[in-house]
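Here is a friendly walk through one protein chain. Keep the viewer open and follow along, heading by heading.

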Amino acid sequence: MLLQALDAIREGDLSVRLPASWSGIDGKIADAFNDIANTHDKLAQAIDRCSQAVGVEGNLGRRLVFDKID
């Protein structure tokens with residue numbers, strides 16, 4: 001399952017997550033993977049919003065706003 005999730009992320013599917021029900025070292029790996037996936041997804045959304053504002057709307061003063069998930 002981990003390899004499939006990693007392959008999905010590599011292909012751009014930022015919606016993939018590992019089960020939160022895993023325990024032990026597997027659970028820690030799942031938590032770390034899910035945190036990374038969440039952060040990348042949030043960054044991609046921020047880039048999309050900035051791209052829309054600058055590229056489509058012509059708002060050259062727009063800045064990328066990205067708050068890391070804690």
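## Alanine 5 and its contacts

Once neighbours within four places in sequence are set aside, alanine 5 is in contact with Val16, Leu18 and Phe33. Please keep in mind that this is a predicted model. Alanine 5 sits in helix H1, and it counts as buried because its relative accessibility is 3%, where buried means under 20%.

You can also check a distance here: from C-alpha to C-alpha, alanine 5 and arginine 17 are 6.9 Å apart in space, while 12 residues separate them in sequence.

## The nonpolar core

Which residues make up the largest nonpolar core? There are seven residues in all: Ala5, Ala8, Val16, Leu18, Ala30, Phe33 and Ala37. Two elements give two or more residues to this core, helix H1 (2–10) and H2. H2 gives the most, with three residues. As background, nonpolar side chains tend to be buried together in soluble globular proteins.

Alanine 30, one of the core residues, is worth selecting in your viewer. Not counting residues up to four places away in sequence, alanine 30 touches Leu18, Pro19 and Trp22. Leu18 is itself a member of the core, and it is also among the contacts of alanine 5.

## Asparagine 34 and lysine 28 in helix H2

Helix H2 covers residues 24–56, and asparagine 34 has its place there. Is asparagine 34 buried or exposed? It counts as buried, because its relative accessibility is 12%, and the cut-off for buried is under 20%. With residues up to four places away in sequence left out, asparagine 34 touches Arg17 and Leu18.

Lysine 28 is also placed in helix H2, but this residue is exposed, with a relative accessible area of 60%. Try a distance from lysine 28 to arginine 49: the two are 21 residues apart along the chain, and their C-alpha atoms are separated by 32 Å.

## A nonpolar patch on the surface

Now turn to the outside of the model. Leu2, Leu3, Leu6, Ile25 and Ile29 make a nonpolar surface patch of about 460 Å². H1 and H2 each supply at least two residues of this patch, and the largest share, three residues, comes from H1. In the core, by comparison, H2 gives the most.

Leucine 3, one of the patch residues, lies in helix H1. It counts as exposed because its relative accessibility is 59%, and exposed means over 50%. Alanine 5 lies in helix H1 too, yet alanine 5 counts as buried at 3%.

## The chain as a whole

Zooming out, the secondary structure of the protein chain comes to two helices and zero strands. The radius of gyration is 15 Å, well over the 11 Å that the globule rule gives for 70 residues, so the chain is more spread out than a compact globule. Taken along the principal axes, the C-alpha atoms fill a box of roughly 50 × 25 × 15 Å.

How much of the chain counts as buried? The share is 19% of the 70 residues. The chain exposes about 5,200 Å², and carbon and sulfur atoms supply 55% of that area. Finally, for contacts with a separation of 6 or more, residues 24 or more positions apart account for 33%.

Note on methods. Residues numbered from 1 in each chain as written. Predicted model: local features only at pLDDT ≥ 70, side-chain atom pairs only at ≥ 80, totals over all residues. Heavy atoms only, no water. Helix = DSSP H or I, 4+ residues; strand = E, 2+ residues; numbered from the N terminus. Buried < 20%, exposed > 50% of the residue type's maximum accessible area, 1.4 Å probe, protein only. Contact = heavy atoms within 4.5 Å. Core = buried A, V, L, I, M, F, W, Y, C linked by side-chain atoms within 4.5 Å. Patch = residues over 30% accessible without salt bridge, like charges linked within 9 Å, V, L, I, M, F, W, Y side chains within 5 Å. Areas by Shrake-Rupley, 256 points an atom, 1.4 Å probe, with all protein chains shown as cover. Salt bridge = Lys/Arg side-chain N within 4 Å of Asp/Glu carboxyl O. Rg over C-alpha atoms; globule rule 2.2 N^0.38 Å.
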